Amino acid sequence: MAARNISHFWEWGRKIICVGRNYADHAKELKNAIPTEPVLFLKPPSAYVREGSPILVPLYSGNLHHEVELGVVIGKGGTAIPQAAAMEHVAGYALCLDMTARDVQDECKSKGLPWTLAKAFNTSCPVSEFIPKERIPDPANVRLWLKVNDQLRQSGCTSQMIFSIPYLISYISDFISLEEGDLILTGTPKGVSAVQEHDELQAGIEDVVTMSFRVDRHE
Ligand SMILES: O=C(O)/C=C/C(=O)CC(=O)C(=O)O
Ligand SMILES: [Mg+2]
């Protein structure tokens, strides 16, 4: 059997672990308290969508939001990984969107229910090409941006993260063993907003990568 290539990690069926409220400015814009521990949730691998295919608005949502995020691709699995060794487990990065049905999330929050249908639906994780680790030598200081129909909506720097990438890898792996090909979404900066059918989304990491997606409705 041919060896699998990490640069197609989204085809491996691995888990997507998402960190929420990891930027104080975003926590504030949604009127959430600043967390003292990482807030975690999951997306299934069926959430991935690649450039050329549309982001689909779930039929049950009238308020789909974009969240631009730095994704960390795990290259070496582990459990209870010490912070000091965490970066040895990173193969690279990806630019990701954590598409969120905000109306559904608000309803789930008000009822104390899990966010699954708000966060884990098909096409809820648009993802860029794989970015080898060497191309982002300082992941704690890169600028992420997102435009909707050419209008800038999000611009933030990973230096604003409350919990660093090594801390997140160590924290997550205490509870959920990490495997090669897993992806960690590290949270979004402020500026999240609603998108509509036919909108064009463009996002980027500084001079490293850009990606574009169209928003569509289910037929
Ligand atoms: O608590 C909320 O109202 C919303 C939280 C999120 O959607 C968290 C994220 O996914 C994030 O901060 O990136
Ligand atoms: Mg998010």
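Trainee: What covers the buried residues of α4?

Mentor: This is a predicted model in which local features need pLDDT of at least 70, side-chain atom pairs count only at pLDDT 80 or more, and totals for chains, interfaces and linings use all residues. Residues are numbered from 1 along each chain as its sequence is written, chains are lettered from A and ligands numbered from 1 in the order in which they are written, and side-chain values use heavy atoms, with hydrogens and water left out. Helices (H or I, at least four residues) and strands (E, at least two) are DSSP runs numbered from the N terminus. The cover, by contact (heavy atoms within 4.5 Å), includes β1 (16-20), β2 (39-43), β6 (68-74), β7 (90-97) and β13 (183-185).

Trainee: Which residues of helix α4 are buried?

Mentor: Buried means under 20% relative accessible area, exposed over 50%, and partly exposed in between (1.4 Å probe, protein chains only). Within residues 165-175, the buried ones are Ile-165, Leu-168, Ile-169, Ser-170, Tyr-171, Ile-172 and Ser-173.

Trainee: Which residues are the protein donors of the magnesium ion (ligand 2)?

Mentor: Donors are N, O and S atoms within 2.8 Å of the metal (3.2 Å for Na, K and Ca); water is not among the atoms, so sites may look incomplete. Along the chain the donors follow the spacing E-x1-E-x28-D. Glu-69 in strand β6 and Asp-98 in the loop between β7 and β8 (100-101) link distant parts of the chain, 29 residues apart. Lying 2.0 to 2.1 Å from the ion, the protein donors are Glu-67 (OE), Glu-69 (OE) and Asp-98 (OD).

Trainee: Which residues does Asp-25 touch, not counting those up to four places away in sequence?

Mentor: Asp-25 lies in helix α1 (residues 24-29) and is partly exposed, with a relative accessible area of 21%. With that sequence exclusion, Asp-25 touches Gln-160, Pro-189 and Lys-190.
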